[in-house]
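Colleague: I have the sequence and the model open side by side. Could you talk me through how some of the labels were reached?

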Amino acid sequence: MPELVEYRFVVQGNPVPWTVWTRKSEPPSAFLEMQAWQQQIMAQVRHQWGARPRIRGQVALEVDFYLRWPKTAPQRHAGAIARWRDEHLAMKPDGTNLFKACEDAVAAVLFETGDQQVVQSRMSKGFAGLRQEGYTEIVVKVLG
């Protein structure tokens with residue numbers, strides 16, 4: 001059985017969901033924010049990846065998103081913090097749209113033929129710690 005090869009990346013900054021722009025007008029601010037976040041992902045991956053060739057074959061992509069804790073959310077009292085987190089975690093942004101934006105950025109840098117190489121995926125969405133900026137943890141596993 002071949003040895004599993006894993007690559008891990010951490011990207012600082014609040015995750016931003018994938019957004020559509022129909023190109024019939026000026027790009028919306030949400031689209032520009034997504035592009036900026038994707039550029040940040042690509043820069044971090046390029047920095048860590050270096051001059052290695054792109055990955056060929058099947059990959060698994062695991063991504064954990066940690067959203068910035070809003071200033072309007074409770075900052076004290078563990079019970080209030082836990083209730084707020086539980087109520088707001090199932091709200092926007094949509095986890096699958098966070099994943100799509102991240103997948104596209106990672107694929108543009110690492111994968112030889114693009115995001116179709118992803119044959120397994122896992123995503124989670126949570127909040128970063130109090131007074132902590134959001135960030136994203138990415139694991140790419142080469143399967144074959």
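Modeller: Happy to, and keep in mind that the model is predicted. Let's begin with pairing: two strands pair if DSSP finds at least two bridges between them. A60 of β2 stands opposite Q120 in β3.

Colleague: What makes β2 and β3 a pair, and in which sense do they run?

Modeller: β2 and β3 (residues 118–127) have 9 bridges in the parallel sense. The cut-off is at least two bridges, so they count as paired.

Colleague: How do you know that β2 and β4 pair?

Modeller: By the bridges again: there are 8 between β2 and β4, in the antiparallel sense. E62 stands opposite V139 in β4.

Colleague: Why is β2 called largely enclosed?

Modeller: Because 8 of its 9 residues are buried.

Colleague: Now to the helix. Why is Q38 called buried?

Modeller: Q38 has a relative accessible area of 12%, and buried means under 20%, so Q38 qualifies. Q38 lies in α1 (residues 29–49). Leaving aside neighbours within four places in sequence, Q38 is in contact with A101, D104 and A105.

Colleague: Which other residues of α1 are buried, and how do you know on which side they lie?

Modeller: F31, M34, W37, I41, M42, V45 and W49 are buried along with Q38. These buried residues cover an arc of only 140° around the axis, so they lie on the same side of α1. They pack against β1, β2, α3 and β4. On the other side of α1, S29 and H47 are exposed.

Terms used: Residues numbered from 1 in each chain as written. Predicted model: local features only at pLDDT ≥ 70, side-chain atom pairs only at ≥ 80, totals over all residues. Heavy atoms only, no water. Helix = DSSP H or I, 4+ residues; strand = E, 2+ residues; numbered from the N terminus. Buried < 20%, exposed > 50% of the residue type's maximum accessible area, 1.4 Å probe, protein only. Contact = heavy atoms within 4.5 Å. Arc of directions from axis to C-beta.
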